[in-house]
Every structure is written in structure tokens, then in C-alpha cells.
Amino acid sequence: MISFRYKLFLLVTLSAAFLSYSALLYFADSKETQPANALAQKGKMLWQQKNCTACHQLYGLGGHLGPDLTNVYATRTEEHITTYLKYGSPVMPDYNLSAEEQTALLEFLKYVNTTGVAHPASFLKHTNGTISQP
Amino acid sequence: MEQYHNHNTKHTASFIIAGLFLLLAALLFGLAAASEYAFPGLWRNTFSFEKLRPLHVSSAVFWIILAAMGSVLSFLQQHREEKLKYGFLVKWQFFMFLFSFTAILISYCFGIFGGREYWEFHPVFSVFIAAGWGIFMIVFLSNVKTLKQQPVYVWMWFTGVLFFLFTYIESNLWLIPALRNDLIKDMTVQWKSYGSMVGSWNMLIYGSSVFLMDKIAGNKKYSFSTIAFALYFLGLFNLMFNWGHHIYTLPTQPYVKHIGYAVSMTELFIFGRIIYLWRSSLSTARKNFHIIPFKFLAAADAWIFLTLGLAIAMSVPALNVYMHGTHTVVAHTMGATIGINSMLLLAFAYDIIPQTNAFKKQINRGYLLLNSSLAVFWLTLIIAGFIKSYRQFTEPQFAYGDMMKSLHPWFYVFFISGCFLAAAFFMVILPLFKGLKRG
């Protein structure tokens with residue numbers, strides 16, 4: 001039987017470690033090479049308000065009905081992306097986005113593309129089971 | 001043998017009943033959302049997927065939260081062997097959640113969003129949820145004054161109650177522009193909070209299942225044992241530090257991934273223990289299988305084994321890269337929320353809401369259909385995930401629409417098994433409503 005003191009000690013120690021780890025992450029230096037400009041920031045809010053994540057992923061996190069858009073800016077032209085934003089597709093509805101909203105979302109996707117690579121096949125796999133960005 | 005009494009379950013049962021209605025809503029919206037995979041564009045012009053998915057996911061999450069709170073309050077009352085203090089606060093807590101959950105679902109129907117994945121609602125609703133949880137915390141802490149001489153389930157409830165509030169507030173840190181505008185940091189904190197939050201409600205649910213197992217066994221030997229506390233601390237350690245496995249592909253701080261990887265591997269101990277105790281749990285199952293709550297506990301045990309096995313495989317980064325972003329992750333989520341959480345919550349519901357033998361046949365049939373259709377549903381998603389992964393690695397320039405088309409046969413099976421799953425849930429839920437009417 002573990003004594004109450006020991007149990008309390010474990011709980012407090014683990015909680016202190018958890019809080020320190022949390023603080024370390026909140027105040028860690030940014031990993032981004034290019035910060036989001038005002039238009040990209042607006043685009044991010046639109047991404048949330050239109051709930052784009054229900055169908056699309058960023059870094060493989062999000063819905064599965066549409067493709068991952070992390071690096072869409074690198075693989076498709078601006079015109080191609082704008083056409084989808086303007087008219088949707090046979091599955092994606094037309095959200096009646098204004099020209100300003102379309103530009104903001106495009107700028108957000110441009111910014112996301114600068115943050116890293118998401119295609120699973122591009123990751124480097126190491127013998128200890130870890131992976132790293134290409 | 002210990003005696004337990006269901007003291008005035010009226011307040012606590014209302015959490016379970018409201019939760020069951022939300023479960024029915026989750027099934028309805030889930031079927032509509034699944035039909036969009038089988039028949040693309042079906043709801044495009046009427047009730048598109050960006051509404052259907054949060055309606056399904058939030059209803060399911062709200063079912064889990066409400067039923068978990070209801071079971072904790074009900075079992076806490078039985079544990080203390082007297083009525084809960086501050087009963088009026090429990091009423092406030094219930095109405096706070098009922099109001100915010102209903103308002104959130106209505107807001108989705110009107111296309112009002114603003115949050116992020118899983119908590120897509122407008123952030124104003126977060127205030128009500130946090131306040132409701134605050135009341136829950138006050139009720140819990142005023143009824144459990146000390147952890148001294150308490151069984152493991154009280155420790156589990158205590159940490160679940162505390163950590164949920166912390167992680168829920170943390171999931172709203174994106175409201176601070178400095179954090180929100182740094183996408184990588186924002187996503188890191190988002191998935192940190194989500195990982196720990198799921199761990200927190202699991203603490204509430206697993207705590208209740210330990211209580212119920214004790215109740216069925218008729219003694220509290222296990223809940224005071226060293227192994228019970230060792231497993232509790234291992235669970236807590238994972239709740240705090242294993243969430244990194246959600247974001248292996250995100251270019252965040254490398255130590256996040258290393259810590260997540262190392263900590264997740266400690267779950268192998270739990271996995272090994274399940275295999276080691278397999279024979280004895282089988283004989284316990286044979287002995288108690290006539291008890292309806294025990295049936296659901298036993299099913300959850302099998303799903304824990306399958307889901308944990310998949311989770312451990314997904315926690316190895318070099319394997320995760322093949323599964324991340326595919327339907328295999330959805331299979332894992334469904335295994336956890338339906339196979340584990342819902343089975344356990346149904347076990348609690350059958351213990352809290354009085355039953356007669358009138359529906360025994362229907363419950364047994366529903367139980368069998370529930371588990372068999374879930375197995376097909378789960379396997380289909382894993383196969384779809386493997387096919388997606390294979391195409392991602394062998395045809396890097398594939399058209400997404402073509403890939404989705406190649407998955408259609410599996411989406412049909414997924415949809416049909418989903419229909420059976422919903423029917424099975426209905427078969428096992430209906431007796432609970434009737435039991436409540438009688439009780």
C-alpha cells in the first residue's frame with residue numbers, strides 16, 4: 001500500500017512538471033521564419049469562422065472530405081485556389097466570399113506554406129523510430 | 001460485502017438522460033455526415049458538411065461530458081453514503097450546460113462558428129462551459145474534503161475535474177493574438193490541450209468504472225491497492241505528457257515529439273497487463289455477464305485492448321507518418337469514443353437508472369449488434385486509411401478526388417455499418433428511457 005504522503009508527493013511533483021512544461025511551450029521562441037501579416041491573420045480568422053477545418057487539414061489535422069491545404073500554395077496556382085474559393089466544387093459549397101475575403105484566405109494559405117512541409121512521403125525516417133521535416 | 005444505495009438519483013440521472021438525447025443527435029448527424037462520404041455532394045446545397053461534422057462531433061463530446069459528470073455525481077453520492085451537499089448548485093450546473101450545449105448546436109445550424117476543430121462554436125459559449133465546470137468543481141470539492149484515505153477512483157475524479165478546467169481554458173488561449181498569429185505555436189498548444197483534455201474526461205469515466213467494478217465485486221480491495229494507484233499515476237503521467245503524438249508532423253519544438261514518443265511507450269505496460277490478465281478477466285466476465293452494466297464494462301475492456309494497440313502503433317513517429325491524416329486516426333477516435341467511452345457510460349447509465357427484466361432480450365440483441373457493427377465500422381476505417389496512405393506514398397501527385405473515388409466501396413460499408421450501429425444504440429438506449437419513466 002502506497003502511503004498518502006508519497007501519493008501526494010507524486011501528484012504535486014507531476015503537476016509542477018506539467019505546469020513548467022506548459023509555460024515552456026507558451027513562451028518558447030517561434031519556429032516560424034516568416035510571421036503572419038495582417039491579411040494572413042484575417043485569413044486565419046476566416047478559416048475558423050467558415051469552419052474550413054471540417055473538411056480540410058493543416059499538417060494532417062482536420063477533416064478528410066477535402067485535401068490537406070498546408071502546401072497547396074506551392075503546388076497550385078493562385079488562380080486555381082481562387083476558383084475554388086469563388087465557386088466551390090461539386091462537394092464544396094459556394095460560400096459567397098467577397099473578393100477581400102478570398103484574398104485574405106489566399107494570403108493565409110501562402111503564409112501556412114512558409115511554416116513547413118506536410119506531405120507524409122517527404123518526411124525523413126530515422127532508425128530510432130523518429131521522423132523529421134525534410 | 002459492501003452495500004451501496006442510489007440516494008436521490010433524480011438530479012444526477014438528468015445528466016445521463018440529457019446525455020442520451022445528445023447521443024441520439026450525434027448518431028443522426030453522424031449518419032448524415034457519413035452519407036456525404038458515400039454520396040459526395042448530397043448535402044452540398046442544403047446542410048453542408050461544415051455544419052454536419054461539428055453537429056455530430058459536438059453532440060458526441062457533449063454526451064460524453066454530461067454522462068461523465070452525471071456518473072461522477074451519482075457515484076460520489078453512493079461513495080459518501082449520503083445526499084450530495086449543495087444540491088441546488090448541481091441544478092445550476094445542469095442548466096448551464098444544457099443551455100450552452102443547446103445554443104451551440106443551434107448556432108451550428110445557422111453556420112455560426114469561430115472556434116477550432118472539435119470546439120468549433122463561437123468563443124462566447126466557452127464562458128458558460130467554463131462557468132458550468134467551475135460549479136461542478138465547487139460541488140465536487142465541497143463533497144470530497146480530503147484525498148486522505150480515499151480510494152483510487154476519488155483521486156481519478158479529482159484530477160479529472162481539475163485538469164479538464166485547466167485544459168479547457170488552455171484550449172481557448174488562441175483568443176490571445178500573440179499566440180493565435182503564430183500558427184505552429186497555436187497548433188502545438190491546441191493539441192496539447194486536446195490531448196490532456198481527453199485524458200481528463202477519461203479520468204472521470206475510468207474512475208467511475210473502477211467504482212462500478214468495486215460495486216459489482218462487493219468490496220473495495222482493488223481501489224486501495226498499490227497496482228490501482230500505480231496505474232492511476234501512469235495514466236496521469238500520460239495525460240500530462242503523451243499528447244505530442246498528435247503532432248509529430250508539425251514543425252514544432254523537437255522535444256515535444258521526443259517526450260510524446262517516450263511517454264506514449266509507457267502505455268505498453270498497460271497493454272501488457274491486459275494481455276497478462278486476459279484469462280482471469282475472462283473468468284470474471286463469465287461469472288458476471290448476466291449483469292447488464294458488467295456486459296458493457298466487458299465490451300469496453302475488449303475495445304480498450306484494440307484501441308490501445310492501435311494508439312501505441314500510432315505513437316511511434318515512423319509508423320505514425322503512415323497513419324496520420326488518414327481514416328486510421330478516425331478509426332482510433334471511434335474506437336475510443338464509442339468502444340470505450342460510450343460502452344462505459346452505458347454501463348453507468350444501466351446502474352443508475354433502475355431496470356426490470358422486461359427488455360433483457362432487446363438489450364442483449366442490441367449489445368451484440370452494437371459490438372459487431374462497431375467492429376465492421378472500425379475495420380473499414382482502418383482499411384480506408386491504409387489505402388489512402390498507400391496512395392500518398394506511391395503516387396505523391398495523386399488527385400484527391402480520384403483517391404476519394406477509389407475509397408467509395410469502403411465508404412459504402414462504413415455508411416451501412418454506421419446505420420446498424422445507430423439502430424443498435426437505439427435498441428440499448430430505449431430501455432433506459434422506459435426505465436426512467438417507470439422509476
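Reader: Which residues form the one aromatic cluster that includes Phe62(B) and Trp119(B)?

Author: In this predicted model, the cluster is formed by Phe62(B), Phe97(B), Phe101(B), Trp119(B), Phe121(B), Phe125(B), Trp133(B), Phe136(B), Phe164(B) and Tyr168(B). Over all chains, the count of aromatic pairs comes to 51.

Reader: What makes Phe97(B) and Phe101(B) a tilted pair?

Author: A pair of aromatic rings is described by the distance of the centres and the angle of the planes. The ring centres of Phe97(B) and Phe101(B) are 5.5 Å apart, and the cut-off for a pair is 6.5 Å, so the two rings qualify as a pair. Their planes stand at 55°, whereas stacked would need an angle under 30 degrees and edge-to-face one over 60, and therefore the pair is called tilted.

Reader: How do you know that about one helical turn separates Phe97(B) and Phe101(B), and are these residues buried or exposed?

Author: Both residues belong to helix 3 (residues 87-109) of chain B and are 4 residues apart, which means a separation of about one helical turn. Buried requires a relative accessibility under 20%; Phe97(B) has 0% and is therefore buried, and Phe101(B), with 2%, also counts as buried.

Reader: Where does the largest share of the largest nonpolar core come from, and which residues have the most contacts inside that core?

Author: The core has 174 residues, and those with the most contacts inside it are Trp119(B) and Phe296(B). Its largest share, 17 residues, comes from helix 2 (residues 49-80) of chain B. Apart from neighbours within four places in sequence, Phe296(B) is in contact with Met343(B), Leu346(B), Ala347(B), Tyr350(B), Ile363(B), Tyr367(B), Leu370(B) and Val428(B). There is also a second, separate core of 6 residues, among them Phe123(A), Ile131(A), Tyr248(B) and Tyr261(B).

Reader: Why is the contact of Lys44(A) with Asp186(B) called a salt bridge, and what makes this a pair that joins two chains?

Author: The closest N and O atoms of Lys44(A) and Asp186(B) are 2.5 Å apart, and the limit for a salt bridge is 4 Å, so the pair meets the criterion. Lys44(A) lies in helix 2 (residues 38-49) of chain A, while Asp186(B) lies in helix 7 (residues 183-217) of chain B, and therefore the bridge joins two chains. Both of these residues are buried, and together with Arg116(B) they are linked in a network of salt bridges.

Reader: What makes the salt bridge between Arg53(B) and Glu117(B) a link between distant parts of the chain?

Author: Arg53(B) is in helix 2 of chain B, and Glu117(B) is in the loop between helix 3 and helix 4 (124-143) of chain B, with their positions 64 residues apart in the numbering. The N to O distance of this bridge is 2.8 Å, and both Arg53(B) and Glu117(B) are buried.

Reader: Why is Glu82(B) called partly exposed when Arg80(B) is called buried?

Author: The side chains of Glu82(B) and Arg80(B) meet in a salt bridge at 3.5 Å, N to O, but their accessibilities fall on opposite sides of the 20% limit for buried. Glu82(B) has 42%, a value between 20% and 50%, and so counts as partly exposed; Arg80(B) has 18%, which is under 20%, and so counts as buried.

Reader: What makes Gln48(A) buried, and which residues does Gln48(A) touch?

Author: The relative accessibility of Gln48(A) is 4%, and therefore this residue counts as buried. Gln48(A) lies in helix 2 of chain A and, leaving out residues up to four places away in sequence, touches Phe113(B), Gly114(B), Gly115(B), Arg116(B) and Trp174(B).

Reader: How do you know that Phe420(B) counts as partly exposed, and which nonpolar surface patch includes Phe420(B)?

Author: Its relative accessibility is 45%, so Phe420(B) falls between the limits of 20% and 50% and counts as partly exposed. Phe420(B), found in helix 17 (residues 408-438) of chain B, makes a nonpolar patch of about 570 Å² with Phe39(B), Leu42(B), Trp43(B), Tyr412(B) and Ile416(B).

Reader: Why is Gly418(B) called buried, and what is Gly418(B) in contact with?

Author: Gly418(B), also placed in helix 17 of chain B, has 10% relative accessibility and therefore counts as buried. Beyond its neighbours within four places in sequence, Gly418(B) is in contact with Leu31(B) and Phe377(B).

Methods. Residues are numbered from 1 along each chain as its sequence is written. Chains are lettered from A and ligands numbered from 1 in the order in which they are written. This is a predicted model: local features need pLDDT of at least 70, side-chain atom pairs count only at pLDDT 80 or more; totals for chains, interfaces and linings use all residues. Side-chain values use heavy atoms; hydrogens and water are left out. A nonpolar core is a set of buried Ala, Val, Leu, Ile, Met, Phe, Trp, Tyr and Cys residues joined through side-chain atoms within 4.5 Å. Buried means under 20% relative accessible area, exposed over 50%, partly exposed in between (1.4 Å probe, protein chains only). Contact means heavy atoms within 4.5 Å. Patches are made of residues with over 30% relative accessible area and no salt bridge: like charges are joined within 9 Å, nonpolar side chains (Val, Leu, Ile, Met, Phe, Trp, Tyr) within 5 Å. Accessible areas come from the Shrake-Rupley method with a 1.4 Å probe; for residues, only the protein chains shown count as cover. Rings of Phe, Tyr and Trp (its six-membered ring) pair if their centres lie within 6.5 Å; planes under 30 degrees apart count as stacked, over 60 as edge-to-face and the rest as tilted.
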